[in-house]
Amino acid sequence: MARKEWQRTQYCGELTENFDGQQVTLDGWVQRTRNLGGVIFVWLRDRTGLVQVVFSPETCDAETFAVGESLRGEYVVSITGEVALRAEKDVTDKLKTGRIEVIAKKAVLLNAAATPPIYIDDNADENELVRLKYRYLDLRKPKMQENLRLRAKVLSTIRRHMDECGFTEVETPILSKSTPEGARDYLVPSRVRPGEFYALPQSPQIYKQLLMLAGFDKYYQVARCFRDEDSRADRQPEFTQLDMEMSFVEPEDIQKVVEGAFAKVFKAVKNIDIPLPLPRMTWRQAMDDYGSDKPDTRFGMKLQDVTDVTRECGFGVFENAVSVRGLNAEGVSAHLSRKEIDALGELAKTYHVKGLAWLTIAPDGTVKSSFAKFMKEDKLEALKQAMNAKPGDALFFAADRPNVACTALGQVRLAIGKKFDLIDQTKYNLFWVTEFPLLEWDDEENRFVAMHHPFTSAMEEDEQYMETDPGRVRAKAYDLVMNGIEMGSGSIRIHRADKQAQMFKLIGLSPEVAQQRFGFLLDAFKYGAPPHGGFAYGIDRFVMILAGGESLRDVIAFPKDKSAYCQMMGTPSTVDPKQLEILKIQPVSEGEQE
């Protein structure tokens, strides 16, 4: 096939001094133009970068120069010219190609462009909704292109690792069964079975367990998942996870595979060697020390249990509490106003404590406190000693049930860490959190619910408490945490029908409901299910951290906004009434709902 005259021979960013004197053809978009007294300078952009092109009546014909004069931002153009070294005074470090330029000999205008509604510039500060509406333009920005290429590299590295470890990639259905337990499902009506619905998968959990029953032994998938839940910076209604499952394994076997994938990605994209095996921390330790099951360990300021110190202290709030936890923010008292302390108290209240007790010690030793006047003097001194308090420190206390007090103080810790730049942004702290509770009590539902999911196996030594003290049972579950973010979650699964039935009973599912929702899994267990377990981690979240982004929308090509709405496509949207008639669906107005 004959090559078109406008087809490129090189990419813009590939040009170096080694191309001096060579003729090249470049294709791309015009970034900007400058007309300096009859000589036109054009910055041409493609996916590899920018290069300067010079149009001069002395070096090109009138037709080519006229094309150069017509060029505006985002015009699509093909330019053939000769690479030349810039004069030393014109060399710029702003461009990767700043030591050369291209002297235009011929130009073909492939498409003109209207003035873009957003700037194609990484430094442009624009409303995010406008960026999302014109996402195809936003994606032209170098940073967005870099992010998506990074994403592709991460996925290819992970796939190679999984293949090397002997895994088989298997695609599981998108149209699945609704099993409401956790986030809301996205439902898809069936045309051929009126009144019945598919659900988009929240994860391939049951399918991958069935693959273990089918004898695949090692499965993985880059899986699309869907959850109808409120959006936020690190959450999207549809997302991608690396899903895996293995047979005849214990947690350490699965963790080794996951660690290997993360280590290879960090080496490939950051040239960072991650020491393996990764550290382990129990869930109880994470909650006690950091007030979070996904703690940010890039800075210190651990929580302390001062329950024993505050017994019979004179301050009723402390005396009557199940647990009192403290936090010493060292050296910050002089920089915290009363208004800021009150704001920290309001933050703590959103995590279900009644308030935040505080005590500050000024650098000169002056003490201010919300509770000191109520405490016995010797008990107050004992409390300060237990907290290792010094001039300049600010102490915060929460009194409630242990997990509630820890969680509230954990959020105060994070707020202080961010405010005073205590977090080392250059670190990547990866570690496992293990021994999660199998169940947690839901006050609204007035029942136990699965902390991870109802297919998680209990630790053998705790199975004796399943009926008598379910809240005491620990799970064979494990989360991978990085920089205060849960990267992924996994567990050893239940593989016996009687154990699975027991779990369903504990979370309030009757045998009839369990059979209706999960009968196919319970039936499958009858035919020889191997012990198995797995893990899944978020690709979007992983790439976001590697890219230094603040939102998943920075690393997803076509994301939804905070209300799960696609600004570009205008979805969700109404559909032709005939389509609803075929599906036998009658839309209900808001007034009718009330």
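**Exercise 1. Charge centres**

Find how far apart the mean positions of the positive and negative charges of the chain are.

*Solution.* Start with the counting rule: Lys and Arg are positive, Asp and Glu are negative, and His and the chain ends are left out. Next, place each charge at NZ of Lys, CZ of Arg, CG of Asp or CD of Glu. The chain has 78 positive and 89 negative charges. Their mean positions lie 2 Å apart.

The model is predicted: local features need pLDDT of at least 70, side-chain atom pairs count only at pLDDT 80 or more, and totals for chains, interfaces and linings use all residues. Residues are numbered from 1 along each chain as its sequence is written, and side-chain values use heavy atoms, with hydrogens and water left out.

**Exercise 2. The whole chain**

Describe the chain by its helices and strands, its box and its buried share.

*Solution.* Step one: elements. Helices (H or I, at least four residues) and strands (E, at least two) are DSSP runs, numbered from the N terminus. The chain has 16 helices and 22 strands.

Step two: extent. Along the principal axes, the C-alpha atoms fill a box of roughly 95 × 75 × 55 Å.

Step three: burial. Buried means under 20% relative accessible area, exposed over 50%, and partly exposed in between (1.4 Å probe, protein chains only). Of the 594 residues, 46% count as buried.

Step four: surface. Areas come from the Shrake-Rupley method with a 1.4 Å probe; for residues, only the protein chains shown count as cover. The chain exposes about 30400 Å². Carbon and sulfur atoms supply 50% of that area.

Step five: contacts (heavy atoms within 4.5 Å). Take those in the chain with a separation of 6 or more. Residues 24 or more positions apart account for 66% of them.

**Exercise 3. Salt bridges**

Work out where the partners of three salt bridges sit: Glu330 with Lys390, Glu346 with Lys349, and Asp462 with Arg474.

*Solution.* Begin with the principle. Side chains of opposite charge can pair when their charged atoms come close. A salt bridge needs a side-chain nitrogen of Lys or Arg within 4 Å of a carboxyl oxygen of Asp or Glu. The structure holds 44 salt bridges.

- Glu330 and Lys390 meet at 3.9 Å, N to O. The pair links distant parts of the chain, 60 residues apart. Glu330 is in the loop between β13 (323-329) and α9 (338-349), and Lys390 is in the loop between α10 (377-386) and β16 (394-400). Glu330 counts as exposed because its relative accessibility is 52%. Lys390, at 34%, is partly exposed.
- Glu346 and Lys349 meet at 3.3 Å, N to O. They are 3 residues apart in helix α9, so about one helical turn separates them. Glu346 is partly exposed at 46% relative accessibility. Lys349 is partly exposed at 39%.
- Asp462 and Arg474 meet at 2.7 Å, N to O. Asp462 and Arg474 both lie in the loop between β19 (447-450) and β20, so the pair ties together parts 12 residues apart in sequence. Asp462 is buried at 6% relative accessibility, whereas Arg474 is partly exposed at 25%.

Finish with a network: salt bridges link Glu126, Arg131, Arg135, Asp138 and Lys141.

**Exercise 4. Positive phi**

Is Asp421 buried or exposed, and is Asn483 buried or exposed?

*Solution.* First, the angles. Phi of Asp421 is near 50 degrees, and phi of Asn483 is near 55 degrees. Each is a positive value in a residue other than glycine.

Now the places. Asp421 is in the loop between α11 (402-419) and β17 (430-434). Asn483 is in the loop between β20 (477-482) and β21 (485-492).

Last, accessibility. Asp421 counts as exposed because its value is 68%. Asn483 has 11%, so it is buried.

**Exercise 5. Prolines**

Locate Pro277, Pro572 and Pro531.

*Solution.* Take the cis bonds first. The peptide bond from Leu276 to Pro277 is cis, with omega near 0 degrees. Pro277 lies in the loop between α6 (251-270) and β11 (280-282). A cis bond also joins Thr571 and Pro572, with omega about 5 degrees. Pro572 lies in the loop between α14 (539-547) and α15 (577-583).

Then Pro531. This residue is in the loop between α13 (511-525) and β22 (532-538). At 33% relative accessibility, Pro531 is partly exposed. Leaving out residues up to four places away in sequence, Pro531 touches Met246, Ser247, Phe248, Val249 and His495.
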